[in-house]
Structures are given as C-alpha cells and as structure tokens.
Amino acid sequence: MTGPTQQPVITKVSDLPIEDARWLTLSKIDYIDQVGVARTWEVATRKTRGKSGVDAVAMGNVFLHPSKPASTLLVIQYRPPLDAFTVEWPAGLIDAEETVEEAAIREFKEETGYDCRLVEVSPPQAADPGMSNANMQMAMVEVQLNEGDVEPEQRLEDGEHIQRVMVPLEDLYHRLVEYSKQERMVVAAKLFHFAAGMHFAKTQKYF
C-alpha cells in the first residue's frame, strides 16, 4: 500500500439526497414528552447495524512488555467530517453477522497488526445521543510483547491511512492534552474521557 504523500484536502462539500446515502439516513421522530407536549426530533441513523444490535466497537488496549512500562496503542487518522486528524483508540463498525467480540479482535488486527486477548466488553453505550441513535461498545484488550518483537504490518483497507503511536499509560493524559494543542488535531472524546478518568483517580481528594 502506498504511503501518504500529501496532506488531505477537501475539494467540495454538497448536499446529499437521502436516497443516495450509502451509510447513513436521516429521520424525523414524532413523540410526546414527559408533560404531554407533542414534539419532533431529527435523528441520523446508520444503515449498517447488524444482528448484534450495536453499530461499532472501540478497543481500549494495554501492551505489556518485559522491560518497558505498560502502554496503550493509539491510532491517528484523517476524519473528513472534522477536516482534521483524530487521535483515537482502534475502532470500527461491526459487520452484519459478527459479534462484538469477533469485530473487536478483527478490527484490532487490521488497524494495528497485533493479535490481542479480549479482557472484557462494556455494555452498549450511546455515541452521540442528541444527534443519532448510533451506539457502540468498548472492548478492553491486552497484548503481550516479548523482547525483540518487530512491529507487525497493518491490514488496512483501501483509503485507510492509520498511524500507530505507543504511549505509556502513565503519560496518556498529558500526551492527549499536548495532541489537542496541535493544529488540525482532535482527540476522540471516548479516549480523552478514559484518560481524564485515570488522571482524576490519581489526583483527586474526594475518596
């Protein structure tokens, strides 16, 4: 696969008729609220939700090494809706016939090149409840490295350009803060919330 040779550039933004949309659709919800008032809501919905009932899975991950601190592997990729590069954990859509667990292992292998051990899977979570019914689950995975291991090749699809960055867990929060200060760089909310929770747990005085 050819490596990136330039910065991505948006050349046009235009309206997309619903019937031409491959991945998303837009609906209007009519409902009665808690005090009996009739209201409406606009909602974006993915067309790809399969038998699992969940749209996507993100893989929180811990890499263990005999002589290095426990670390996590981040991925950086260009996201056209933001016209920016996002710092994320590996993630992806769940195929129609997949389970969440199967998708987590597959997507992690594709985006990082590493085989992983599934540790636990979260309950389904809302991704952006004010705009969409999109949901996801968080799969925590573990990778055991050995001395002298070589970084494996990724298995990226056409159009995917994903940079891998290994960060010690103890440095994660501060590294994400630094990333957020960089031009054309955005940290994914779910990743930052995780790191901020770790940081808060270490620095707070409430319990």
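How many bridges join strand E3 to strand E6 (residues 91-93), and do the two run parallel or antiparallel? Three bridges join them, and the strands run antiparallel. Keep in mind that this is a predicted model.

## Strand E3 and its partners

Let's stay with E3 for a moment. It spans residues 56-64, and seven of its nine residues are buried, so the strand is largely enclosed by the rest of the structure. Besides E6, E3 is also joined to E9, this time by nine bridges and in a parallel arrangement. Val-57 is a handy place to look at both pairings. Gly-92 in E6 stands opposite Val-57, while in E9 the bridge partner of Val-57 is Gln-137. As a reminder, side chains in a regular strand alternate between the two faces of the sheet.

## Ser-71, at the start of strand E4

Ser-71 sits in strand E4, which covers residues 71-79. Is Ser-71 buried or exposed? Its relative accessible area is 8%, so Ser-71 counts as buried. The side chain of Ser-71 reaches back to the backbone oxygen of Pro-69, at 3.0 Å. Setting aside neighbours within four places in sequence, the contacts of Ser-71 include Asn-61, Val-62 and Phe-63, as well as Met-166, Val-167, Pro-168 and Leu-169.

## Aromatic pairs

One of those contacts of Ser-71, Phe-63, takes us to the rings. The structure holds six aromatic pairs. In one of them, the ring centres of Phe-63 and Tyr-114 are 4.9 Å apart with the planes at 85°, so this pair is edge-to-face. Phe-63 belongs to strand E3, whereas Tyr-114 lies in the loop between H1 and strand E7 (117-121); the pair links distant parts of the chain, 51 residues apart. Both Phe-63 and Tyr-114 are buried.

Another pair, Tyr-173 with Phe-192, is tilted: the centres are 5.7 Å apart and the planes meet at 45°. Tyr-173 is in helix H2 and Phe-192 in helix H3 (residues 189-203), so the pair ties together parts that lie 19 residues apart in sequence. Here the rings are partly exposed: Tyr-173 has a relative accessible area of 22%, and Phe-192 has 26%.

Back at Phe-63, ring pairs join Phe-63, Phe-108 and Tyr-114 into a cluster.

## Salt bridges

On to the charged side chains. How many salt bridges does the structure hold? There are 12 of them, and the table picks out three.

| Acidic residue | Basic residue | Closest N to O distance |
|---|---|---|
| Asp-83 | Arg-184 | 2.7 Å |
| Glu-98 | Arg-106 | 2.7 Å |
| Glu-151 | Arg-164 | 3.3 Å |

Take the salt bridge between Asp-83 and Arg-184. This pair links distant parts of the chain, 101 residues apart: Asp-83 is in the loop between strands E4 and E5 (84-88), and Arg-184 is in the loop between helix H2 (172-180) and strand E11 (185-187). Asp-83 is partly exposed at 31% relative accessible area, and Arg-184 is partly exposed too, at 27%.

Then there's Glu-151, in its salt bridge with Arg-164. Glu-151 is in the loop between strand E9 (135-144) and strand E10 (163-168), with Arg-164 in E10 itself, 13 residues apart. Why does Glu-151 count as partly exposed but Arg-164 as buried? Buried means under 20% relative accessible area, and exposed means over 50%. Glu-151, at 47%, therefore counts as partly exposed, while Arg-164, at 19%, counts as buried.

## A salt-bridge network

The bridge between Arg-106 and Glu-98 doesn't stand alone. Which residues are linked in a network of salt bridges? They are Asp-95, Glu-98, Arg-106, Glu-107 and Glu-110. Within this network, Arg-106 is partly exposed, with a relative accessible area of 21%, and Glu-98 is buried at 10%.

Glu-110 is in helix H1 (residues 100-112). At 16% relative accessibility, Glu-110 counts as buried. Leaving aside neighbours within four places in sequence, Glu-110 is in contact with Gln-154, Arg-155, Leu-156 and Glu-157.

Conventions: Residues are numbered from 1 along each chain as its sequence is written. This is a predicted model: local features need pLDDT of at least 70, side-chain atom pairs count only at pLDDT 80 or more; totals for chains, interfaces and linings use all residues. Side-chain values use heavy atoms; hydrogens and water are left out. A salt bridge is a side-chain nitrogen of Lys or Arg within 4 Å of a carboxyl oxygen of Asp or Glu. Helices (H or I, at least four residues) and strands (E, at least two) are DSSP runs, numbered from the N terminus. Buried means under 20% relative accessible area, exposed over 50%, partly exposed in between (1.4 Å probe, protein chains only). Contact means heavy atoms within 4.5 Å. Two strands pair if DSSP finds at least two bridges between them. A polar contact is a pair of N or O atoms within 3.5 Å; within protein, one must be able to donate a hydrogen and the other to accept it, and residues adjacent in sequence count only if both atoms are side-chain atoms. Rings of Phe, Tyr and Trp (its six-membered ring) pair if their centres lie within 6.5 Å; planes under 30 degrees apart count as stacked, over 60 as edge-to-face and the rest as tilted.
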